[in-house]
Amino acid sequence: MGRAYQNRKESMAKTAGAKTKVYSKYGKAIYVCAKNGGTDPNGNVVLRGLIDRAKKDQVPTHVIDKAIDKASGAGGEDYSEARYEGFGPGNCMVIIDCLTDNGNRTIKDVRQCFTKTNSKIGSSGTVSHMFNHAAVFAFKGEDDEAVLENLMMADIDVTDVELEDGIITVTAPHTEFYKIKTEFANSMPEFDLEVEEITWVPQTYAEITDETDIANFEKFIAMLDDCDDVQEVYHNAEVKT
């Protein structure tokens, strides 16, 4: 999983070009999560995790509060989730998660990203079976065996704990996310979690070495970043320059 940590999909804060775009995407995600699951983070664990992640990506408190306040009122936008899958430049596998209030607009925008970069959009399930839905934690450390022992003693189902270049990466089924987060807070507070998320982790990686494919891949990711409805992009590409 060390490679997966290094090559995992970038968080919104790292891939979006402007702060305002990051704030907008988080605001939309928090609004939908609070609207569907309740505005109290203590009773909506998904919302709580999203807020924690937003704060880590330096989203201002007023942006978070505004989205929650908006969700507590009547009416508002009617967003729905949409997921698109396919093969990107260099035949890498891609999963794209969106929140949209206009499905026709969203599929048109996403399809254009594929079309203009020599890529191929597929149907639902085209590539997702080649990814694991997992909880991933990454932090600086040296004693991965002690971390594994602590988690196992807490009766947590851990898929892998790996140490690479001073970074310990813990991978587990996505259902174990909050148990692991609680265990770090209670028994291993000395670790500063640099990554704590539920994500799609590729089972295999596709090396992209051709210059044209590399250029198209960079264009592909940039175009997706420019799509207002795109929330997350997951891929298995390893760009070799």
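This note goes through the overall build of a predicted model and then through three of its helices.

1. **Overall build.** The protein contains 9 helices and 10 strands, and its C-alpha atoms fill a box of roughly 50 × 50 × 30 Å when this is taken along the principal axes. For a compact globule of 241 residues one would expect a radius of gyration near 18 Å, and because the protein has 18 Å, the value agrees with that expectation.

2. **Burial and surface.** Of the 241 residues, 47% count as buried. The protein exposes about 12300 Å², and carbon and sulfur atoms supply 47% of that area.

3. **Contacts along the chain.** When contacts between residues at least 6 apart in sequence are considered, 72% of them join residues at least 24 apart. A single pair can serve as an illustration of separation in sequence and in space: lysine 181 and glycine 49 are 132 residues apart in sequence, while their C-alpha atoms are 9.9 Å apart.

4. **Charges.** The protein carries 26 positive and 42 negative charges, and the mean positions of these two groups are 9 Å apart.

5. **Helix H3.** This helix covers residues 19-37, and the 27 Å from its first C-alpha to its last is close to the 27 Å expected for its 19 residues at 1.5 Å a residue. Its buried residues are Val22, Lys25, Tyr26, Gly27, Lys28, Ala29, Ile30, Tyr31, Val32, Cys33 and Ala34, a list in which the reader will find the two lysines Lys25 and Lys28. After H3 comes glycine 38, which has a positive phi, near 105°.

6. **Helix H4.** Residues 45-56 form H4, whose 12 residues should span 16 Å at 1.5 Å a residue; the end C-alpha atoms are 17 Å apart, and so the helix agrees with the expected span. The buried residues of H4 are Leu47, Gly49, Leu50, Ile51, Arg53 and Ala54, so that glycine 49, named in the third point, is among them. H4 is followed by glutamine 58, and the phi of this residue is also positive, near 65°.

7. **Lysine 181 and helix H8.** Lysine 181 belongs to helix H8, which runs over residues 177-187. Which residues does lysine 181 contact, once its neighbours within four places in sequence are left aside? They are Asp52, Phe137 and Glu196, and Asp52 falls within the residue range 45-56 of H4.

Notes
Residues are numbered from 1 along each chain as its sequence is written. This is a predicted model: local features need pLDDT of at least 70, side-chain atom pairs count only at pLDDT 80 or more; totals for chains, interfaces and linings use all residues. Side-chain values use heavy atoms; hydrogens and water are left out. Helices (H or I, at least four residues) and strands (E, at least two) are DSSP runs, numbered from the N terminus. The radius of gyration is taken over C-alpha atoms; the globule rule is 2.2 Å times the number of residues to the power 0.38. Buried means under 20% relative accessible area, exposed over 50%, partly exposed in between (1.4 Å probe, protein chains only). Contact means heavy atoms within 4.5 Å. Accessible areas come from the Shrake-Rupley method with a 1.4 Å probe; for residues, only the protein chains shown count as cover. Lys and Arg count as positive and Asp and Glu as negative; His and the chain ends are not counted. The place of a charge is taken as NZ of Lys, CZ of Arg, CG of Asp or CD of Glu. The expected span of a helix is 1.5 Å times one less than its number of residues.
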